[in-house]
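User: I would like a close look at one part of this model, namely the charged side-chain pairs, followed by whatever else bears on the same helices. Please take it slowly and give the cut-offs as you go.

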2 protein chains.
Amino acid sequence: MNRLLKFVGGVVCVAALMPAVAGADDKEIIEYRQHIMNALNEHSASLGMIMSFAVPDDNTVAHFEAIALLSKTALEAFEPKVKGGESKPEVWTQWPDFSKRMKEFAQNSDMVAKLGATQGKEAAVNHVLDALPCKACHDIYRAEPKQ
Amino acid sequence: MNRLLKFVGGVVCVAALMPAVAGADDKEIIEYRQHIMNALNEHSASLGMIMSFAVPDDNTVAHFEAIALLSKTALEAFEPKVKGGESKPEVWTQWPDFSKRMKEFAQNSDMVAKLGATQGKEAAVNHVLDALPCKACHDIYRAEPKQ
């Protein structure tokens with residue numbers, strides 16, 4: 001608890017840092033998985049800027065490595081099977097397909113990050129669709145984000 | 001270019017994927033650094049939820065590792081010294097202090113991620129303030145985010 005107070009007192013990077021209220025478990029589970037997917041979105045957008053030559057490509061491999069780390073946590077974040085957020089009902093009614101896609105995403109993004117680390121950013125970029133199959137999955141499983 | 005078209009056609013994870021228009025360099029530089037800082041924010045929020053016991057702590061080390069990766073890219077993203085976004089003018093007028101803090105952030109978050117990987121998540125969490133000195137820096141250098 002002391003650890004937590006130190007963190008809250010000293011860091012408080014976000015206003016939503018302390019959502020822990022009684023009975024709010026489902027809300028928190030949804031919020032946590034949204035943090036994971038939002039972080040993936042930021043890296044995807046960063047890679048998009050790099051690949052459209054809008055910014056230098058120095059951080060290409062770092063973005064792929066961060067995506068690989070996040071993808072491992074993504075399926076787990078959905079496993080409590082709490083409906084809501086931007087998840088369509090199909091996430092839960094077609095769970096075997098959804099979880100298979102998420103596992104493949106984790107495996108493939110790990111492979112692409114390793115390609116980047118060992119063979120350089122060009123090699124990773126050539127497999128960007130393996131590391132980021134976002135659209136194929138979002139078309140089926142994500143509702144339009146609320147404005 | 002073929003690579004880019006493939007990416008845009010197949011992935012398009014975000015609507016803002018193609019901001020490359022003539023003369024928009026400064027805007028893009030700001031947008032890119034915001035993706036970096038937003039991703040840091042998502043991980044910080046995730047750790048906040050873990051440390052307040054709102055969600056399980058399985059991904060603790062992954063979040064610290066992603067923060068370490070991002071922190072290395074953060075200073076670089078500010079180096080073009082383009083004013084705007086949520087950066088206060090002090091970022092540029094006090095650049096030696098700002099860049100020193102950002103370098104320390106990168107070094108310390110790397111140290112904490114390694115602690116987590118070698119000694120476990122408890123060890124990393126005990127050094128969370130070293131990995132995430134957000135508030136100290138934001139108080140001086142970040143303007144209030146626009147609503």
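Which side chain meets that of B:D57 in a salt bridge, and what is the N to O distance?

Analyst: This is a predicted model, in which local features need pLDDT of at least 70 and side-chain atom pairs count only at pLDDT 80 or more, while totals for chains, interfaces and linings use all residues. Residues are numbered from 1 along each chain as its sequence is written, chains are lettered from A and ligands numbered from 1 in the order in which they are written, and side-chain values use heavy atoms, with hydrogens and water left out.

The partner of B:D57 is B:K121, and the two side chains meet in a salt bridge at 3.3 Å, N to O; the term stands for a side-chain nitrogen of Lys or Arg within 4 Å of a carboxyl oxygen of Asp or Glu. B:D57 lies in the loop between helix 2 (25–51) and helix 3 (60–78) of chain B, and B:K121 in helix 6 (residues 121–125) of chain B, so the pair ties together parts that are 64 residues apart in sequence. Helices here are DSSP runs (H or I, at least four residues), numbered from the N terminus. B:D57 is partly exposed at a relative accessible area of 32%, and B:K121 counts as partly exposed at 32% relative accessibility, where buried means under 20% relative accessible area, exposed over 50% and partly exposed in between (1.4 Å probe, protein chains only).

Over all chains, the search of the whole structure finds 14 salt bridges. One of them joins A:D110 to A:K72 at 3.5 Å, N to O, and this pair links distant parts of the chain, with A:D110 in helix 5 of chain A and A:K72 in helix 3 (residues 60–78) of chain A, 38 residues apart. A:D110 is partly exposed, at 22%, and A:K72 is partly exposed, at 46%; together with A:K114, these residues are linked in a network of salt bridges.

In chain B, B:D139 forms a salt bridge with B:K135, with the closest N and O atoms 2.9 Å apart. The two residues sit 4 residues apart in helix 8 of chain B and are therefore separated by about one helical turn. B:D139 is partly exposed, with a relative accessible area of 48%, and B:K135 is partly exposed as well, at 33%.

Helix 8 and helix 5 also take part in aromatic pairing, for which ring centres of Phe, Tyr and Trp (its six-membered ring) must lie within 6.5 Å, with planes under 30 degrees apart counted as stacked, over 60 as edge-to-face and the rest as tilted. The count comes to 10 aromatic pairs over all chains. The rings of A:F98 and A:Y141 have centres 5.2 Å apart and planes at 75 degrees, so this pair is edge-to-face; A:F98 is in helix 5 of chain A and A:Y141 in helix 8 (residues 134–141) of chain A, 43 residues apart. Both A:F98 and A:Y141 are buried. In chain B, the rings of B:F98 and B:Y141 lie with centres 5.1 Å apart and planes at 75 degrees, so that pair is edge-to-face, and it links helix 5 (residues 95–119) with helix 8 of chain B. B:F98 is buried at 4%, and B:Y141 is buried at 3%. Ring pairs also link A:F78, A:W92, A:W95, A:F98 and A:Y141 into a cluster.
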